[in-house]
Amino acid sequence: MRSRSVGSPDATRAVDWEQRVDFPRLRQDRLERAKVALEASDLGALLLFDPNNIRYVTSTHIGEWARDKNARFALLPRSAEPILWDFGSATRHHQLFAPWLPAENFRAGVAPMRGAMPVETGIPDRLGDKIARELQELGLQDEPLGIDMADLLTIEALQRARVKVTDGSQVMLEARRIKTAQEIALLDQSAGLVDAVYDEIYRMLRPGVYEHEIVARAHQLLFEMGSEQVEAVNAVSGDRCNPHPHVFSDRLLRPGDQAFFDIIHSFMGYRTCYYRTFNVGGVSSAQLDAYKQCREWLDAAIALVRPGMTTDKIAEVWPTADELGFPDEETCFGLQFGHGLGVGLYESPMISRVHSLEHPVELEEGMVFALETYCAATDGRSAARIEEEVVVTAVGCDVITRFPAEELLVAGRTYVRGADLVAGGEEAGRDGAPGAAAAVAASAVVEPAVVPQ
């Protein structure tokens with residue numbers, strides 16, 4: 001069941017008359033989970049560069065331009081509040097408007113920014129010395145420092161400062177593994193934005209539209225509805241469906257195309273990964289069969305989702321690489337796939353035949369993940385791709401991706417043949433032109449069909 005700790009699900013405004021998403025609770029719970037995961041590890045502190053982890057721990061965000069630069073960093077020590085070194089004036093903004101952490105814990109700092117500030121500038125060693133001093137003051141100088149992601153310049157500078165560095169990514173992934181009620185509500189809302197985008201895409205699909213036009217409109221609509229970041233909109237149609245290229249193009253849609261889309265975006269920091277497949281103007285037996293098979297593989301996986309189930313059992317219901325026509329599982333990795341969702345696109349659990357059969361993970365209540373399947377059509381060019389996002393509940397799972405996908409939807413215009421009008425008894429006018437009733441019928445556009453399984 002969906003959480004009802006949040007009033008008016010899918011409403012985006014704060015109001016005085018009911019509790020909606022409780023952001024103070026969200027901030028508190030996330031930081032507490034990170035602290036608990038750190039205490040359970042053998043690390044003295046975490047040094048975070050991943051913007052997803054920084055947001056999870058500090059509840060700060062300075063825009064998606066910072067995502068690929070490693071420009072900001074946060075230290076989470078044992079038994080202390082996190083310290084954030086941020087980019088320029090963002091520090092002052094946090095001191096004024098982020099009261100959930102002490103103002104003195106927001107500091108200005110410059111990172112090597114993936115090598116743009118090399119050793120000669122002194123920036124890497126300045127960062128290393130900063131962290132070493134903080135650990136010394138906290139009595140953690142002899143404890144390992146876990147790092148989630150960093151460039152080699154930063155790691156080498158920390159080593160020169162006599163800091164023992166090791167992997168810290170698993171600690172944060174453990175903290176993020178089970179979602180709180182507030183996180184699930186935001187993941188549900190994030191999926192709701194994509195529901196609306198797919199309704200718009202369905203209306204757009206017709207011959208003469210380019211893949212990149214659909215991508216542009218999806219971006220526009222998502223931002224209009226409140227998305228913070230559109231990480232990717234895959235648009236794949238016609239001959240490009242097989243093999244799956246994982247990227248959109250400038251291809252023109254044509255009658256009879258099969259087309260699938262994936263929308264990955266972030267709402268209040270929480271992400272989606274959400275595929276849907278359509279046909280344009282018509283459908284063939286091969287395309288319909290591919291969709292049916294794709295849906296069956298997905299439904300078989302969803303049916304297994306419940307607490308106590310293990311990921312190897314889910315991977316087992318998906319076809320082998322050989323059955324899909326690939327030489328090995330790595331070559332077709334990602335076509336039959338599952339992955340956790342949260343502030344990051346890939347969290348626990350990860351599910352595939354590459355690793356899950358030998359290294360299964362037990363599902364737990366509160367996990368949120370996406371399941372995605374793919375089936376190439378026998379025509380050699382078409383393919384179906386479907387994905388659902390699920391929340392593990394006490395008794396099974398709740399699917400939070402709601403745009404219809406049980407059946408293959410055919411979009412675009414369905415044309416009325418003149419022969420059908422004559423067969424229907426319509427009479428021509430005295431000058432040989434169609435009569436009024438025939439003209440109206442001939443100009444009508446029949447609603448797009450739903451092709452049953």
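Start by selecting Arg 55, which sits in helix α2. Keep in mind as you click around that this is a predicted model.

**Stop 1: Arg 55 and its surroundings**

Is Arg 55 buried or exposed? Its relative accessible area is 14%, so Arg 55 counts as buried, the cut-off being under 20%. Now show what touches Arg 55, skipping anything within four places in sequence: you should get Arg 30, Thr 60, His 61, Glu 228, Met 268 and Gly 269.

**Stop 2: from α2 across to α1**

Arg 30 is your way into helix α1, so color residues 23-39 and put α2, residues 51-58, next to them. The two helices α1 and α2 pack at an angle of about 110°, and their axes are 7 Å apart. That makes α1 and α2 roughly perpendicular to each other, therefore look down one axis to see the other cross the view. Display the side chains that make this contact: Arg 30, Leu 31, Arg 33 and Ala 34 come from α1, while Arg 55, Tyr 56 and Val 57 come from α2. Sorted by class, the contact of α1 with α2 has 4 nonpolar, no polar and 3 charged residues.

**Stop 3: the other partner of α1**

Stay on α1 and add helix α7, residues 181-204. Here the packing angle is about 115° and the axes lie 9 Å apart. Which residues meet? On the α1 side, pick Phe 23, Arg 25, Leu 26 and Arg 30; on the α7 side, pick Gln 182, Glu 183 and Leu 186. The class count for the contact of α1 with α7 is 3 nonpolar, 1 polar and 3 charged residues. Notice that Arg 30 turns up in the contact with α7 and also in the contact with α2.

**Stop 4: the six-stranded sheet**

Next, bring up the open sheet of 6 strands, ordered β4-β3-β2-β1-β5-β6, with mixed pairing. Color β4 (106-108) and β6 (165-167): these stand at the edges with a single partner strand each, so one side of each has no neighbour in the sheet. On average, and ignoring direction, neighbouring strands here are turned by 25° against each other.

Zoom in on β1 (residues 45-48) and β2 (residues 73-77), an antiparallel pair held over 4 bridges. Within that pair, Ala 45 stands opposite Pro 77 of β2. Helix α2 comes back into the picture at this point: α2 packs on the sheet, touching β1, β2 and β3 (83-86), and its direction makes about 50° with that of β2.

**Stop 5: helix α4**

Select residues 123-137 for helix α4. Want a quick geometry check? At 1.5 Å a residue, the 15 residues of α4 should span 21 Å, and the end C-alpha atoms are 21 Å apart, which agrees.

Which residues of α4 are buried? They are Ile 123, Pro 124, Leu 127, Gly 128, Lys 130, Ile 131, Ala 132, Glu 134 and Leu 135. The cover over these buried residues includes strands β1, β2, β3, β4 and β5 (145-147), along with helix α5 (152-160). Past the end of α4, click Gly 139, which has a positive phi near 70°.

**Stop 6: the five-stranded sheet**

Now move to the other open sheet, where 5 strands run in the order β12-β11-β13-β14-β15 with antiparallel pairing. Its edge strands are β12 (347-351) and β15 (397-399), each pairing on one side only. From one strand to the next, the twist averages 25°.

Center on β11, residues 337-340. β11 makes a hairpin with β12, with 6 residues between the two, and 2 bridges join this antiparallel pair. To find those partners, pair Gly 340 with Glu 347 and Gly 338 with Ile 351. Toward β13, also antiparallel, β11 has 4 bridges; in that strand the partner of Gly 340 is Phe 369.

Are the faces of β11 covered or uncovered? Both are covered: Phe 337 and His 339 on one side, and Gly 338 and Gly 340 on the other, are all buried.

**Last stop: helix α9**

Finish by selecting residues 285-302, helix α9. This helix lies across β13 (368-376), β14 (383-392) and β15, running at about 150° to β13.

Definitions and conventions: Residues are numbered from 1 along each chain as its sequence is written. This is a predicted model: local features need pLDDT of at least 70, side-chain atom pairs count only at pLDDT 80 or more; totals for chains, interfaces and linings use all residues. Side-chain values use heavy atoms; hydrogens and water are left out. Axes are lines fitted to C-alpha atoms, for helices over the stretch in contact, and angles run from 0 to 180 degrees between N-to-C directions. Contact means heavy atoms within 4.5 Å. Ala, Val, Leu, Ile, Met, Phe, Trp, Tyr, Cys and Pro count as nonpolar, Asp, Glu, Lys and Arg as charged, and the others, Gly among them, as polar. Two strands pair if DSSP finds at least two bridges between them. Buried means under 20% relative accessible area, exposed over 50%, partly exposed in between (1.4 Å probe, protein chains only). Angles under 35 degrees count as roughly parallel, over 145 as roughly antiparallel, 65 to 115 as roughly perpendicular and the rest as oblique. The expected span of a helix is 1.5 Å times one less than its number of residues.
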